[in-house]
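This report looks at two topics: pairs of oppositely charged side chains, and the packing of two helices. Please view the structure first.

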Amino acid sequence: MAQRDAVPMVTVLALLIGVLVTFPTSVRSIGVCYGMNGNNLPSKADVVKLYQSNAGITAMRIYDPDSATLTALKGTNIKLIMDVGNSNLGSLASSSSAAASWVKNNVQAYYPSVSIKYIAVGNEVTGSDTSKILPAMKNIYSALSSAGLQNSIKVSTAVSTAVIGTSYPPSKGAFSSDASSYMTSIVQYLSQIGAPLLANVYPYFSYVNNKGSISLDYALFTSSSTVVTDGSNKYQNLFDAIVDALYSAMEKVGGSNVGIVISESGWPSAGGDSATVSNAQKYNQNLINHVGKGTPKKSTALETYIFAMFNENQKTAGIEQNWGLFYPNKQPVYSISFK
């Protein structure tokens, strides 16, 4: 099963920023990413039941159109981000008929019984493959339009925050020169079709790669005071700093009306620096409590997908195997409320 091979290494570029800690009572959507890189995971049907049994999990992300999972999701009303898989970008970019077939087989065959909300055309694509993202997005959108689904299912792509070249202060956020070469046209297309950008946001990596400048409290939403003031915006946590820098970067290339969906965020519970059960529980619970408020720049609630549902034993040893909210036996790694 194709799945993201590694959690992104966020480029730390003076992200000494954050937001006032608040605890709203409502969140637009909390989802959990369902990675499948394990040989001891529950059946797809049991996984879907586990989502349903945890009140407050309203959405799921899968990294390719897995038929058993899609079948199990029928009638559940669990909202879904479904990736096309990076390996399919080339064919989808070069062939409208391939895109039409993909939509027919993986979307029309299940929708609306499966509540597909977003199609992620590529996940953290790098190198020369970045040139394939937009053509593939356009072909998928065209196929959805032909099926009359363009207003029901949004087409986007998922990016790492490594696309940000300037990040401090958040109002100065801008894409790197390399990323701008493809992100500018992608953001403008998202603006045109009314779709959000999907962003994988990991304060964990910013913190462990820059401990001299970033405090653990700042990364975990537990800082007791404002760290940086950027105009009228006061920052007290790193998550909001990263998100607002990305908003600013999109504004600078014509995407002031493009929203953000947090397609991945989390904290490892073992296997590396500051990867403890306590830190993981604090980060993810505070994330859930916080995102309904939005950020200092934009008060719109952020749809957020926690990475990940399970610890996955077929990933690289260390932190990569320890992002799960649950063990493969379906027992929680730590207590958490998704409401």
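The model described here is predicted.

**Salt bridges**

Side chains of opposite charge can pair when their charged atoms come close. The cut-off used here is a side-chain nitrogen of Lys or Arg within 4 Å of a carboxyl oxygen of Asp or Glu. By this rule the model has 9 salt bridges. The table gives three of the pairs, with the N to O distance for each.

| Pair | Distance (N to O) |
|---|---|
| K330 and D46 | 3.9 Å |
| D129 and K132 | 2.9 Å |
| E251 and K297 | 3.3 Å |

Where do K330 and D46 lie in the chain? K330 is in the segment after β12 (304–307), while D46 belongs to helix α1 (residues 44–53), so this salt bridge ties together parts that are 284 residues apart in sequence. K330 has a relative accessibility of 33% and counts as partly exposed. D46, with a relative accessible area of 28%, is partly exposed.

The side chains of E251 and K297 form a salt bridge at 3.3 Å. This pair links distant parts of the chain, 46 residues apart: E251 sits in helix α9 (residues 238–251), and K297 in the loop between α10 (277–290) and β12. E251 is partly exposed, at 34% relative accessibility. K297 is partly exposed, its relative accessible area being 28%.

In the pair of D129 and K132, D129 is partly exposed at 32% relative accessibility. Its partner K132 has a relative accessible area of 31% and is partly exposed.

Salt bridges can also join into a network. Here, R61, D83 and E264 are linked in this way.

**Two packed helices**

Two packed helices are described by the angle between their axes and the distance between the axes. In this model, helix α4 (residues 96–108) and helix α5 (residues 133–146) have axes that come within 8 Å and cross at roughly 60°. This angle makes α4 oblique to α5. The crossing of the two helices α4 and α5 is right-handed.

Which residues make the contact? From α4 they are S96, A99, A100, W102, V103 and V107, and from α5 they are N139, I140, A143 and L144. What kinds of residue are these, nonpolar, polar or charged? The contact of α4 with α5 has 8 nonpolar residues, 2 polar residues and no charged ones.

Key: Residues are numbered from 1 along each chain as its sequence is written. This is a predicted model: local features need pLDDT of at least 70, side-chain atom pairs count only at pLDDT 80 or more; totals for chains, interfaces and linings use all residues. Side-chain values use heavy atoms; hydrogens and water are left out. Helices (H or I, at least four residues) and strands (E, at least two) are DSSP runs, numbered from the N terminus. Buried means under 20% relative accessible area, exposed over 50%, partly exposed in between (1.4 Å probe, protein chains only). Axes are lines fitted to C-alpha atoms, for helices over the stretch in contact, and angles run from 0 to 180 degrees between N-to-C directions. Angles under 35 degrees count as roughly parallel, over 145 as roughly antiparallel, 65 to 115 as roughly perpendicular and the rest as oblique. A crossing is left-handed if the near helix is turned anticlockwise from the far one by less than a right angle, and right-handed if clockwise. Contact means heavy atoms within 4.5 Å. Ala, Val, Leu, Ile, Met, Phe, Trp, Tyr, Cys and Pro count as nonpolar, Asp, Glu, Lys and Arg as charged, and the others, Gly among them, as polar.
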